[in-house]
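Please look through the sequence and the structure shown here before reading on, and keep both in view while the text moves from one site to the next.

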Amino acid sequence: MMALNRLVSSSSSSSAALLRPLSALSRSLSAAAAADAPITVETSVPFVGHNCEPPSRSVSTTPAELLSFFRDMAQMRRMEIAADSLYKSKLIRGFCHLYDGQEAVAVGMESAITKKDCIITAYRDHCIFLGRGGTLVEAFSELMGRRAGCSKGKGGSMHFYKKDGGFYGGHGIVGAQVPLGCGLAFGQKYVKDGTVTFAMYGDGAANQGQLFEALNMAALWDLPAILVCENNHYGMGTAEWRAAKSPAYYKRGDYVPGLKVDGMDALAVKQACKFAKEYALQNGPLILEMDTYRYHGHSMSDPGSTYRTRDEISGVRQERDPIERMRKLILSHDVATEKELKFCSREQELHWSCVLWLFSHDIEKEVRKEVDEAVAEAKESPMPDPSELFTDVYVKGYGVEVFGADRKEVRGVLP
Amino acid sequence: MTNLLWRFRGLALRGLCTSSAAAAVEESKKSKAAVNLFSAINQALHIALESDPRTYVFGEDVSFGGVFRCTTGLADRFGKHRVFNTPLCEQGLVGFGIGLAAMGNRAIVEIQFADYIYPAFDQIVNEAAKFRYRSGSQFNCGGLTIRAPYGAVGHGGHYHSQSPEAFFCHVPGLKVVIPRSPREAKGLLLACIRDPNPTVFFEPKWLYRLAVEEVPEHDYVLPLSQAEVIRQGTDITLIAWGAQLAVMEQACVEAEKDGISCELIDLKTLIPWDKETVEASVRKTGKLLVSHEAPITGGFGAEICASIAESCFLRLEAPVARVCGLDTPFPLVYEPFYMPTKNKILDTIKATVNY
Ligand SMILES: Cc1ncc(C[n+]2csc(CCOP(=O)(O)OP(=O)(O)O)c2C)c(N)n1
Ligand SMILES: [Mg+2]
């Protein structure tokens, strides 16, 4: 029940955020009151459970939620495309891993939980950060190592964090974040505040020993931890089947139940995460395997086309793309249930689907503008002060000295 | 000394060459070609697999050539049973390598970046290094060689830049080796592979493409635990290893303009290290400067300085000096501030010489 309340409040606040900045079209849309009318949508494919009864395929949602999913995913996609070009123009240096293709996981998960729940993930962290309420300017600034970045420009692409949004970040060592997630969950269980932790990792990371250590602890102590395996089917250039005897990651917890989810379907992700949260609060850990796909190469130095075919990539884009799926859903939903709804806009009688079609393109245009503006703003943010090189190593004032390169002439107390 | 083709950040550097006399004679008889460092490593691995059928190469993505292309072509030539990808599990794959080596095989393990060697730290320190000692020589894993690219690349950030060599230099039973150039890399890697002790071989990834040198095509080894004076001088002794030598070399050239004659030594093997060569040089110059990219505190430079202060106390004319990375995590921004750059070294050379 509590979870349900939170669900309602979080989705209504996100729809408010969604509708505020949009054009006249959107204002008329919200005025049409249809935006909050509950509707039910079937997930693309059934869930598959391991030692648990999977949730129903029928997901309840609203037109406003569908539109907010669409918008958030479009924004994430656009952000990653912009990061790609910033990298190519050398404004982003170092290692950079993009999330395009996997947006439905971030968006669907967020819609089922609150910011009091924790998320911890690996280095492919930009979009999770946005989902947790981070801003585009903070993201781009961090990517370019600027002061306005979410980690003061000191982390870069792989190290986004947002404490007030329950985002424990951005970790560089494959698999290392998962036991940390169990520690977070233990803390949550201890204070009994009804919150859970989502600890995310990849199909490659699933083979690290730490994963199994984490699973055992989580199960042993009934921790409210949900281990989310984002199975994009490759760990760098290695296809899942080359690295895993059993690529059924949802079953790899053995005594820990699991659920296989279409990670390209934001509604399926939402349903699964809602189920997982309730389950974990009552019973302890659960694995969610999100079947997803990354369009980009592993990192910016990987063209992403040597170990998989172009047909494979374009096939996924055509048939499973999470944003296109959402666009279609918005349109087809209209056809199914809102046939009669006519809508007045710009003194024209437009059919609902037509409005939505325009609307989705309007959203994309608007998102593009937002992203461009954020990039421009981030570029204006200065580099961190050089003295920041020494800060955050230890707690300020705890007596640690710094030395010059030769340890003799330059000497000072850490700022 | 042979003249080398050395490209480093657009700067032609001479003198960082190999000059093992015996090798030079050998080489003049055989063919050599200018190759970069990753290709030299690749040649060494081809030779290792070719010359001993009980040699195996494995690690993350190695059968595709590895992220730095060091293992290109090996799987095609020697088959998937001898050159293979492992799952992403450093602790497990190093442990596996120890077992394989304990059966009398040569296991060459690639750790994708030295930054990712830590999950395997326990296997290396507690299993590999002590196997011989604790079994009274019944068992050992001397056939184990762990290769890992280390060091800065200009913009690698926290987890693609570290120099973890000092951690392993604290472990009796291991050998730690770091080459400075393509020719050195090939000869030292082959020496590590054939050495009957477990070795950790850190490759300077900054130089994978940048360093180009004539490398003999044939099979050769360079001696371990033997340092090399790569530049003769009389005023101060400079010690470094790996990529840092190129920076030191630039500082030597600049110092020379001020009339300071520097003697530059490549330590090559960090443990067990060649004290004799270093001591002989310090006895001559009376001054010592050690430089490495790893943070200064607890770095391997500290060990060298302490040893030399002990053995050459009466000959030292100035305090021993270290120019190293700062005591901070490896930074994403301001990497040049962190790094022991040419100018920092030059300043310290002058301060030490004018002490
Ligand atoms: C301990 C460790 N080993 C190796 C790496 C290098 N590395 C970074 S990402 C990666 C592949 C991870 O694949 P997966 O877990 O499937 O995540 P994805 O990149 O697909 O999101 C590897 C090998 C690392 N960062 N840490
Ligand atoms: Mg993956």
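The paragraphs below treat a ligand, a metal ion and a part of one chain in turn.

What you have in front of you is a predicted model, and a good place to begin is ligand 1, which lies between chains A and B. Around ligand 1 there are 21 residues, and the closest of them come from both chains, being Tyr123(A), Arg124(A), Gly204(A), Asn232(A) and Glu90(B). If you sort the residues of this shell by their chemical character, you find nine nonpolar, eight polar and four charged ones.

Some of these neighbours can be followed down to single atoms. On the side of chain A, an N or O atom in the side chain of Arg124(A) is 2.7 Å from an oxygen atom of ligand 1. On the side of chain B, an N or O atom in the side chain of Glu90(B) is 2.5 Å from a nitrogen atom of the ligand, and a polar side-chain atom of Tyr116(B) lies 3.3 Å from a nitrogen atom of ligand 1. Taken on its own, ligand 1 has 580 Å² of accessible area, and the protein covers 95% of that area.

The next stop is the magnesium ion, ligand 2, whose coordinating atoms are OD of Asp203(A), OD1 of Asn232(A) and O of Tyr234(A), at 2.0 to 2.2 Å. Asn232(A) has already appeared among the closest residues to ligand 1. Along the chain, the donors of the magnesium ion follow the spacing D-x28-N-x1-Y. Asp203(A) sits in the loop between strand S6 (197-202) and helix H8 (209-220) of chain A, whereas Tyr234(A) belongs to strand S8 (residues 234-235) of chain A, so the pair ties together parts that are 31 residues apart in sequence. Are these two residues, Asp203(A) and Tyr234(A), buried or exposed? Both Asp203(A) and Tyr234(A) are buried.

Turning now to chain B, the UniProt record, in an unreviewed entry, lists residues 35-210 as "domain: Transketolase-like pyrimidine-binding". Over residues 35-210 of chain B, the chain is 38% helix and 18% strand, and the C-alpha atoms at the two ends are 10 Å apart.

One residue of chain B gives a last example, namely Ala129(B), which is found in the loop between helix H5 (121-128) and helix H6 (131-134). Because buried means under 20% relative accessible area, Ala129(B) counts as buried at 8% relative accessibility. Measuring from C-alpha to C-alpha, Ala129(B) and Phe168(B) are 9.7 Å apart in space, while 39 residues separate their positions in sequence.

Terms used: Residues numbered from 1 in each chain as written. Chains lettered and ligands numbered in written order. Predicted model: local features only at pLDDT ≥ 70, side-chain atom pairs only at ≥ 80, totals over all residues. Heavy atoms only, no water. UniProt positions renumbered as here; feature names shortened; annotations may be inferred. Helix = DSSP H or I, 4+ residues; strand = E, 2+ residues; numbered from the N terminus. Near = heavy atom within 4 Å. Polar contact = N/O pair within 3.5 Å; in protein donor to acceptor, adjacent residues only side chain to side chain. Areas by Shrake-Rupley, 256 points an atom, 1.4 Å probe, with all protein chains shown as cover. Nonpolar A, V, L, I, M, F, W, Y, C, P; charged D, E, K, R; others polar. Donors = N, O, S within 2.8 Å, 3.2 Å for Na, K, Ca; no water. Buried < 20%, exposed > 50% of the residue type's maximum accessible area, 1.4 Å probe, protein only.
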